[in-house]
There are 2 protein chains.
Amino acid sequence: MPPVEAAATPEPSLYAQLAERIGALIASGALKRGDRLPSVRDMAQQQGVSMATVLQAYRTLEDRRLVEARPRSGYFVTLRRMAAATGRGSSPAPQALTEMTQPPNQSQPVELPDIVDRVMAAASDAAMVSFGAACPGGDMFPSDRARRAITRAAQRHHHALSRYPFGSGTPALREAIARRALAIGCQLDPARILVTNGCVESISLCLRAVTQPGDTVALESPTYWGFLQILQSLHLRALEIPTDPRSGISLPALELALDTQPVKAVLVVPTLSNPLGATMPLAARRQLLQLLEARDVPLIEDALINDLAGRAEGRRAVKSFDTRGQVMLCSSFSKTLAPGLRLGWVEAGRWSAQVQRLKSTLSGGHTELVEIAMTDLLNQPGHEPALRQLRALLASRLDQARRLIAASFPAGTRITAPEGGFTLWLELPRAVDAMALFHAALSEKICLAPGPMFSSTARYNHCIRLGLGRAWGTVEQQALQRVGQLARQMADAAGAAPKAA
Amino acid sequence: MPPVEAAATPEPSLYAQLAERIGALIASGALKRGDRLPSVRDMAQQQGVSMATVLQAYRTLEDRRLVEARPRSGYFVTLRRMAAATGRGSSPAPQALTEMTQPPNQSQPVELPDIVDRVMAAASDAAMVSFGAACPGGDMFPSDRARRAITRAAQRHHHALSRYPFGSGTPALREAIARRALAIGCQLDPARILVTNGCVESISLCLRAVTQPGDTVALESPTYWGFLQILQSLHLRALEIPTDPRSGISLPALELALDTQPVKAVLVVPTLSNPLGATMPLAARRQLLQLLEARDVPLIEDALINDLAGRAEGRRAVKSFDTRGQVMLCSSFSKTLAPGLRLGWVEAGRWSAQVQRLKSTLSGGHTELVEIAMTDLLNQPGHEPALRQLRALLASRLDQARRLIAASFPAGTRITAPEGGFTLWLELPRAVDAMALFHAALSEKICLAPGPMFSSTARYNHCIRLGLGRAWGTVEQQALQRVGQLARQMADAAGAAPKAA
């Protein structure tokens with residue numbers, strides 16, 4: 001087991017060491033399923049550490065689903081062992097996708113299939129079973145807290161309704177963002193944080209600040225279709241880089257690209273990338289930064305769902321190692337706190353002034369009252385426990401979905417095993433055409449995202465992405481099995497021998 | 001007196017005829033100051049028209065400040081005659097600026113002086129007397145209504161807080177915008193309206209949709225500095241067109257430009273342009289559209305403050321004549337309803353799909369709760385009376401400011417006489433350097449906007465714009481006189497003979 005690392009400290013800290021020791025006791029059977037852990041106070045006295053350290057250790061174990069908190073009773077070793085880790089009953093174990101992707105090594109202008117619009121329309125159609133969108137459902141968020149926050153803001157700050165907004169966001173919101181950024185290992189200066197209309201706007205502003213039309217941008221392959229749309233609309237060329245489904249963008253391949261092609265910016269999602277769900281190890285994050293510093297190429301880092309990484313180590317942003325302003329860090333709260341409060345942010349390192357200027361010139365500030373409500377929500381102590389619950393809920397759901405897929409999809413189907421988040425990427429047997437599968441599923445009111453959306457190469461025609469953040473009940477589970485059945489029929493019809501993993 | 005025209009009907013209608021007849025009775029003295037007009041019911045019976053027609057006629061007269069409504073008493077001929085129309089006491093009459101501007105007839109890349117940032121920082125400094133910004137103060141808006149609207153929205157629609165926003169704006173808001181657009185003569189299809197982050201974003205999206213970097217855009221001279229910033233950041237060339245301070249952009253000059261230069265789009269503020277405050281006559285609006293239709297060049301129409309035009313005719317958008325989707329109409333509610341609810345809109349004619357795509361790709365949707373509150377405010381019956389009050393208040397303030405300027409600025413100073421809005425443009429004697437005046441005023445905590453901000457040519461170095469929408473009491477009036485005194489000292493120091501108007 002790798003040592004758990006605190007987000008803000010590079011070395012294993014007291015709480016991580018304690019969590020590791022308790023984890024080892026559970027693994028050895030010394031602590032059994034259902035056992036109650038010592039109270040926080042007792043454990044602190046036993047170990048000679050502070051109660052805060054013990055609490056943090058217990059929460060770390062909770063994140064890893066080794067223990068669970070029961071209201072007013074304390075912490076217990078989890079009763080049900082993780083099904084995904086052990087397999088169960090007659091279900092076959094899911095086959096993990098582990099091969100590096102192999103996009104062409106030349107950049108190209110982006111030509112996205114018009115399928116994106118249809119998929120997104122279907123994904124937001126309430127009559128569909130939607131595996132198309134990559135976002136958690138509204139029921140996962142504390143909408144009551146959001147409602148109270150905005151009502152409070154309207155009552156206490158109604159002057160905010162009759163004046164123009166702050167161009168960069170209210171100082172209080174920027175301070176709250178800086179505090180939250182500690183959880184991803186970053187110490188940011190609030191004065192350099194710019195509030196935006198969401199992570200998409202943050203990234204498009206960063207790209208505008210450091211590129212000209214015709215320039216080349218390197219990014220993961222496959223990558224989020226929204227990035228490809230931004231590149232297309234800014235007339236930028238995409239250079240897709242081989243990417244490992246577990247550890248993310250290939251650094252040797254990126255280094256070669258940087259040394260042989262005129263790459264003006266690198267756009268990466270180091271934590272829970274979309275669609276692969278890869279999370280870069282810490283050493284790779286440091287190395288990525290060194291590569292780019294040595295060549296003075298800006299890194300645009302998408303930290304949209306770092307808060308959803310299962311392990312604290314995975315939450316830590318590349319930006320946390322950045323001492324020279326090389327990293328433009330982009331994020332928002334749409335996927336982790338309040339989808340309906342539409343605000344994102346960017347700390348654009350050395351390019352902060354340019355990004356700020358572009359923002360005020362091309363779009364302007366935001367509704368101050370929404371910024372006040374968001375500040376309130378971010379500063380509430382309930383946010384961190386809500387995140388832990390969200391991570392646990394999504395992890396359990398991904399486990400269930402992977403087992404269902406292993407049981408119902410064609411032999412040879414390989415699935416990613418992301419350490420958090422709410423999406424899975426499936427590589428189907430080559431005989432299965434993702435577009436045909438998309439249309440077949442759509443005709444049965446099931447929406448999924450076909451592989452061709454995630455690349456401007458033709459490499460992923462037998463892949464699909466499943467978003468599992470929306471509703472997840474019998475209907476959805478049956479729909480997922482039905483997609484598997486459709487895929488099996490396609491594989492069988494093509495007479496293809498099941499491909500061994 | 002020109003016939004008053006209903007916004008949505010090209011010929012003088014019943015109510016306009018009635019308003020004109022009553023206006024003539026006031027002018028002739030048959031109705032005297034303080035006289036009560038017949039009740040709406042009585043007048044309707046006398047004239048054989050509907051009560052709605054009479055009410056509309058009375059409101060038209062109220063807009064022109066010939067009559068005033070007193071709560072529960074009816075309509076009365078205004079007691080105080082307009083000072084600006086008559087002069088008063090020993091004040092000299094303001095000299096009107098009437099000469100067409102003469103920018104160079106070549107396009108150029110935009111190079112804005114860095115003064116803009118300093119002026120805007122000073123304009124938002126609470127310690128300043130601010131004539132720098134062109135926006136009404138918060139006290140002019142019904143912030144209580146806005147607060148109630150957002151509280152209601154949070155209570156009744158809290159599900160909106162936990163779901164992703166509508167990409168184009170909620171259907172209800174787009175319908176409310178379409179209804180409001182009737183007041184500027186337009187019948188818009190809600191499905192083609194796109195909600196944006198403000199008029200600035202609307203315009204930048206339109207420019208992106210119809211131009212490529214390096215293209216030429218024609219616009220008024222002088223023009224709003226924000227437009228020049230957008231052009232600069234999109235790498236577009238500005239072709240400034242001669243403009244009349246009363247009737248707006250010169251159509252012969254524009255026609256010549258269209259026929260001799262590669263103009264890809266025309267960006268115009270037909271109503272209460274910024275900074276000149278010009279309002280194009282209806283005939284000129286039709287002709288502008290014909291010019292552009294004949295050459296298939298898109299018109300980007302900024303209708304930001306059409307609602308603030310003193311005469312209904314001036315409120316009518318060029319878009320109202322557009323049958324072929326040639327006009328991209330942009331507006332917002334920041335200056336007329338709720339500065340703190342940050343929402344704008346665009347109906348981009350034939351380019352609607354492109355604009356929508358750019359918006360969703362580069363910035364995404366908005367906080368739904370704010371859209372719900374805005375819909376509520378727009379649909380309240382109080383909005384139209386509030387607009388009438390705002391127009392009357394601003395008109396009286398501009399009159400006072402013009403008299404103060406005539407009395408305190410150097411001889412030869414000429415002032416625009418806009419038919420509404422909240423800004424004045426002053427042409428000072430050439431010996432007065434606007435930048436020197438800006439710095440001198442700034443050192444006394446007074447902010448104004450110097451002419452060079454409004455052009456990428458060097459034509460307006462002896463001009464300033466005064467924004468009069470903020471506070472307006474003794475302090476501000478004395479500050480305005482002090483600016484005049486500073487300007488006089490500069491004119492005298494240069495030994496310049498006062499220039500005759």
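Two strands count as paired if DSSP finds at least two bridges between them. Keep that idea in mind as you look at this predicted model, since strand pairing comes up several times below.

## A strand in the middle of things

Let's start in chain B, with strand β12(B), residues 327-332. In this strand, Ser331(B) stands opposite Trp345(B) in β13(B). The two strands, β12(B) and β13(B) (residues 344-347), run antiparallel and share four bridges. β12(B) also pairs with β11(B), residues 299-302, this time in the parallel sense and again over four bridges. Here Ile300(B) is the residue that faces Met328(B) of β12(B).

How many residues of β12(B) are buried? Six of the six are, so the strand is largely enclosed by the rest of the structure. In a regular strand, side chains alternate between the two faces of the sheet. You can follow this in β12(B): Val327(B), Leu329(B) and Ser331(B) lie on one side, while Met328(B), Cys330(B) and Ser332(B) lie on the other, and all are buried. Both faces of the strand are therefore covered.

## The sheet in chain A

Now move to chain A, where eight strands form an open sheet with mixed pairing, in the order β3-β7-β6-β10-β11-β12-β13-β5. Which strands stand at the edges? They are β3 (108-109) and β5 (193-196) of chain A; each has a single partner strand, so one side of each is left without a neighbour in the sheet. Further in, β11(A) and β12(A) (residues 327-332) run parallel and are joined by four bridges. Leu299(A) is placed opposite Val327(A) of β12(A).

## A helix with a buried face

Helix α10(A) covers residues 251-260, and its buried residues are Ala253(A), Leu254(A) and Ala257(A). Seen down the helix axis, these buried residues fall within an arc of 100 degrees, so they line one face of α10(A). On the face turned away from that buried side you will find the exposed residues Pro252(A) and Asp259(A). And what covers the buried residues? The cover includes the strands β6 (216-220), β7 (237-241), β9 (248-249) and β10 (263-268) of chain A, together with helix α11 (282-295) of chain A.

## The nonpolar core

In soluble globular proteins, nonpolar side chains tend to be buried together. In this model, the largest nonpolar core has 272 residues. The residues with the most contacts inside this core are Cys206(A), Ala373(A), Cys206(B) and Ala373(B). Take Cys206(A) as an example: leaving aside residues up to four places away in sequence, Cys206(A) touches Ile300(A), Met328(A), Cys330(A), Val346(A), Ala348(A) and Val355(A).

## Where the chains and domains meet

The contact between the two chains takes 42 residues from chain A and 42 residues from chain B. On chain B's side, α6 (143-156), α8 (199-210), α9 (225-233), α13 (352-362) and α14 (368-379) each supply at least two residues. The largest share, six residues, comes from α6(B). Sorted by class, the side of chain B that touches chain A has 19 nonpolar, 18 polar and five charged residues.

Chain A itself is divided into domain 1 (14-81), domain 2 (86-139 + 385-493) and domain 3 (142-379). The C-alpha centres of domain 1 and domain 2 of chain A lie 35 Å apart. Five residues of domain 1 are in contact with five residues of domain 2 in chain A. What classes do the residues on the domain 1 side fall into? On the side of domain 1 of chain A that touches domain 2, there are no nonpolar, no polar and five charged residues.

## Backbone details in the loops

Finally, here are some backbone angles to look up in the structure.

| Place | Feature | Angle |
|---|---|---|
| Ser221(A) and Pro222(A) | cis peptide bond | omega about -5 degrees |
| Asn274(B) and Pro275(B) | cis peptide bond | omega about 15 degrees |
| Asp296(A) | positive phi, not glycine | phi near 50 degrees |
| His235(B) | positive phi, not glycine | phi near 60 degrees |

Pro222(A) is in the loop between β6 and α9 (225-233) of chain A, and Pro275(B) is in the loop between β10 (263-268) and α11 (282-295) of chain B. Asp296(A) sits in the loop between α11 and β11 (299-302) of chain A, whereas His235(B) belongs to the loop between α9 and β7 (237-241) of chain B.

Is Asp296(A) buried or exposed? Asp296(A) has 9 C-beta neighbours inside 10 Å, so this residue counts as exposed. His235(B), with 15 other C-beta atoms within 10 Å, is partly exposed.

Key. Residues numbered from 1 in each chain as written. Chains lettered and ligands numbered in written order. Predicted model: local features only at pLDDT ≥ 70, side-chain atom pairs only at ≥ 80, totals over all residues. Contact = placed C-beta atoms within 7 Å. Nonpolar A, V, L, I, M, F, W, Y, C, P; charged D, E, K, R; others polar. Domains from an automatic or database assignment. Buried ≥ 20, exposed ≤ 12 C-beta atoms within 10 Å, placed from the backbone. Arc of directions from axis to C-beta. Core = buried A, V, L, I, M, F, W, Y, C linked by C-beta atoms within 7 Å.
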